[in-house]
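Biologist: Could you take me through one part of this model in detail, namely its salt bridges, and say where the paired residues lie and how accessible they are?

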Amino acid sequence: MDEDAVRDRLRTVEDPELGEDIVSLGLVNELSVEGDEVDIDLALGAPYSPTETDIAGEIRELLLEEGLEPNLSASIPDRDSGGDEQVLPGVKNVIAVASGKGGVGKSTVATNLAAGLSQLGAQVGLFDADVYGPNVPRMFDADEPPMATEDETLVPPEKYGVKLMSMAFLTGEDDPVIWRGPMVHKVITQLTEDVEWGNLDYLIVDLPPGTGDTQLTMLQTMPVTGAVIVTTPQDVALDDARKGLEMFAKHDTVVLGIAENMSTFACPDCGGEHDIFGSGGGEEFAETHSMPFLGSIPLDPTVREGGDGGKPTVVSDDGETGDAFRTITENVANNTGIVHRRGASQPSGTGTRVSER
């Protein structure tokens with residue numbers, strides 16, 4: 001088969017989320033045929049996302065049926081052509097995890113998202129950008145501080161396959177951080193750019209609550225692929241989640257979806273279910289704002305135990321709660337892929353929605 005014939009066969013492979021075939025969408029960057037080998041570079045930007053894994057698998061199966069040996073690679077031309085001068089040149093995707101208010105479990109979602117992506121096979125880093133209340137080292141049971149190189153950069157410790165960086169590594173256990181905005185800006189920049197992150201598929205950034213200096217620094221200096229907004233079902237949390245949504249909209253940052261934490265408590269004694277913080281508020285919020293709903297996490301003591309004990313629930317729990325975190329992880333990865341594939345098919349398009357569904 002020649003290149004035109006292979007391209008025609010690829011028109012039978014449909015992107016299930018964008019609703020067209022990969023050739024018409026412009027997702028085939030390059031294609032060459034030499035003998036029985038076919039080299040294809042695809043505009044797939046979310047490594048180990050279930051959807052993009054399925055697309056690649058369908059392509060391989062299709063070509064193998066034709067007696068061809070597929071060699072697949074993936075790149076996003078605009079993203080991967082920035083050179084060494086760009087910020088975080090080895091990081092493919094920066095995912096911000098945000099909330100409008102504190103106490104909704106944002107750090108819990110961030111740690112489980114990072115560990116969940118690592119479980120899928122991705123290379124992952126987690127940057128604890130909450131300089132005033134850093135919790136990531138405890139939630140990963142990470143006592144080893146970062147090592148310094150001769151060039152005065154930091155090598156992050158690694159736990160559960162996730163590279164970690166946090167202000168907690170650099171201060172005393174009980175030392176408060178009392179800084180004004182300019183100092184926060186400086187430290188956030190240093191802890192981002194002066195760290196040996198290496199090549200990562202995803203860098204998860206755990207932001208502090210609200211819409212302050214840290215958020216602005218990140219949005220102005222880092223190549224953010226998209227954001228996850230965490231809320232609980234009650235109206236008080238949703239009111240503040242709207243502010244976070246507006247912040248990302250004003251900075252033309254894609255929101256990958258809404259995650260609802262503490263949704264339902266299943267009582268182990270009475271066997272009943274109790275909506276302690278209300279019910280369905282996060283999903284309704286997502287629908288109202290035409291945002292993807294990533295999933296609900298039940299109010300489960302194992303989540304608290306995992307956070308305090310330093311073992312993320314997505315790693316330690318094979319039941320309903322662990323599955324809830326795995327569902328959110330897969331949805332975040334899939335929606336990250338939508339951002340890149342939509343950008344490849346519509347290079348001039350911008351917006352703050354992954355999809356209206």
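Modeller: Arginine 326 has a relative accessible area of 22% in this predicted model, and because that value is above the 20% under which a residue counts as buried, arginine 326 is classed as partly exposed. Its salt-bridge partner is aspartate 323, with the closest N and O atoms 2.9 Å apart, and aspartate 323 is likewise partly exposed, at 38% relative accessibility. Both belong to helix α12 (residues 320–345), where their spacing of three residues means that about one helical turn separates them.

Aspartate 141 and lysine 159 form another salt bridge, in which the closest N and O atoms are 3.9 Å apart. This pair links distant parts of the chain, since aspartate 141 sits in the loop between α5 (136–139) and β6 (147–148), while lysine 159 is in strand β8 (residues 158–159), 18 residues apart. Aspartate 141 is partly exposed at 40% relative accessibility, and lysine 159 also counts as partly exposed, at 24%.

A further salt bridge joins arginine 11 to aspartate 8, whose closest N and O atoms lie 3.7 Å apart; here arginine 11 is partly exposed at 42% relative accessibility, and aspartate 8 is partly exposed with a relative accessible area of 49%.

Beyond such pairs, Asp15, Glu17, Glu52 and Arg341 are linked in a network of salt bridges, and the structure as a whole holds 10 salt bridges.

How values were computed:
Residues numbered from 1 in each chain as written. Predicted model: local features only at pLDDT ≥ 70, side-chain atom pairs only at ≥ 80, totals over all residues. Heavy atoms only, no water. Salt bridge = Lys/Arg side-chain N within 4 Å of Asp/Glu carboxyl O. Buried < 20%, exposed > 50% of the residue type's maximum accessible area, 1.4 Å probe, protein only. Helix = DSSP H or I, 4+ residues; strand = E, 2+ residues; numbered from the N terminus.
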